[in-house]
Amino acid sequence: MRIFASLSLALLALASLNAAAQAPAAPKAPPATPQVSLTPPMGWNSWNHFAGKVNDKDIRDAADQLVATGMKDAGYIYVNIDDTWEGERDASGVLHPNAKFPDMKALADYVHSKGLKIGIYSSPGSKTCGGYAASLGHEEQDAKMYAEWGIDYLKYDLCDLRTDVMEKQAPNDKAEQMRLMIAAYDKMNKALKATGRPIVFSFCQYGWDAVWEWGPSVGANLWRTTGDVTPEWDRIYAIISQQAGLEAYAGPGHWNDPDMLEVGNGKLTLAENRTHFSMWAMLAAPLLAGNDLPNMKPEIKAILTNRDVIAIDQDRLGKQGRRVYSDGEVEVWTRVLAHGAVAIAVVDAGDSRYSTHPFHLRLSKLGLAATQTGKDLWTGKTVELTENMPLELTSHDVFLVRIDKPKLPSPE
Ligand code: GLA
């Protein structure tokens, strides 16, 4: 036991040394006291499947399906309504939902009755990205209304604050524009806090202006690190690549958000779906499914409910994985987990099979001894890893292994 404990500590120390050497400096501002999202939020969001067509029934169906499919038991708790629920403000400034959402309080009650939580969407400008009424000048009023409805999660999407406020009020002054943006997020942060209700605050401003450096100081529990995801391998892989180096900013209560899941959408192959899901877990990313739940295929459900992969994402230590090395089209990422465990993901990003000269796994480059025993999280089988072992992965597939008791190289 003691040997394992000291090995684990040594591995942790090694990992943080490596991280400190390669990652940018940690954020200066202390993160907001985390009361919510101690692990990355999990749930479902309407946008990737329904976009502007979502209505009250779709949200109820999604809640029903999270329960019926076992996704709720696997940890998917938030049912998030994205853009296009908003109607008009009345004479007192109260924003009413549009005809697609006849009674938001009743809908929230329904979702809560299933043991789930409910999320909503707005923007700090006067209009959302979809052109619907947003919160500018009504932050306190909107936050209070969300709390009265029983909302548990707010996605706050920059959209036209940029053109309508930042560029108008401070033309040609980027520093002042940034100050205006941060102030706009902080205004809603304070309004949400004033309600006294724990509400996850999700920043959506596409990773501009190094949001990971200042987001937590104005209440962000998560912040988008990129533009929008699409259900295409090239886009998903581009997003994965953009996460390298951001690992220092994530932790309990404050997460990098590489956008919602596209698992089960578009023409993604099963290998691509597996890699997408595995890498979001390695990145300690929010797991917000965005697929058609009532018509989910069994193989997609199997990916989304893989408990071993979810356990990587939800690991209590909250340390985001990092890219350690790449060799041609193959990348190797590791994530340090609680109790000294470690996860390794090998991704074949190449467009054709890597076979005539298979990739060789270099455990020494990961700071590990030459032999390891772990679990392949997609086959469920025990695997022995050895230094320089050849690995053949099909195009866009992943080899994801958890090693609970990693062995370290013996000191020289
Ligand atoms: C932006 C966001 C998306 C979605 C749409 C809604 O594009 O990045 O995630 O919320 O707006 O209009």
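How far is an oxygen atom of the ligand from an N or O atom in the side chain of Asp-82? A few notes, bearing in mind that this is a predicted model.

1. To take that one straight away: the Asp-82 side chain puts an N or O atom 2.6 Å from an oxygen atom of the ligand. Next along the chain, Asp-83 has a polar side-chain atom 2.9 Å from a ligand oxygen. Arg-224 joins in too, with a polar side-chain atom 3.2 Å from an oxygen atom of the ligand. On its own the ligand has 310 Å² of accessible area, and the protein covers 92% of that.

2. The shell around the ligand holds 13 residues, with Asp-82, Asp-83, Lys-155, Asp-157 and Asp-228 the closest. By character, the shell splits into six charged, six nonpolar and one polar.

3. Now for helix 8, residues 174-195. I checked its length: 22 residues at 1.5 Å each should span 32 Å, and the end C-alpha atoms are 32 Å apart, so the two agree. Just after helix 8 comes Gly-196, with a positive phi near 80 degrees.

4. Which residues of helix 8 are buried? They are Gln-177, Leu-180, Met-181, Ala-184, Tyr-185, Asp-186, Met-188, Asn-189, Ala-191 and Leu-192. When you look at the spacing, remember that an α-helix has 3.6 residues a turn, so residues three or four places apart point the same way.

5. As for what those buried residues pack against, the partners are helix 6 (139-149), helix 7 (161-169) and helix 9 (211-214), plus strand 6 (153-157) and strand 7 (200-204).

Conventions. Residues are numbered from 1 along each chain as its sequence is written. This is a predicted model: local features need pLDDT of at least 70, side-chain atom pairs count only at pLDDT 80 or more; totals for chains, interfaces and linings use all residues. Side-chain values use heavy atoms; hydrogens and water are left out. Helices (H or I, at least four residues) and strands (E, at least two) are DSSP runs, numbered from the N terminus. The expected span of a helix is 1.5 Å times one less than its number of residues. Buried means under 20% relative accessible area, exposed over 50%, partly exposed in between (1.4 Å probe, protein chains only). Contact means heavy atoms within 4.5 Å. A residue is near a molecule or strand if one of its heavy atoms lies within 4 Å of it. A polar contact is a pair of N or O atoms within 3.5 Å; within protein, one must be able to donate a hydrogen and the other to accept it, and residues adjacent in sequence count only if both atoms are side-chain atoms. Accessible areas come from the Shrake-Rupley method with a 1.4 Å probe; for residues, only the protein chains shown count as cover. Ala, Val, Leu, Ile, Met, Phe, Trp, Tyr, Cys and Pro count as nonpolar, Asp, Glu, Lys and Arg as charged, and the others, Gly among them, as polar.
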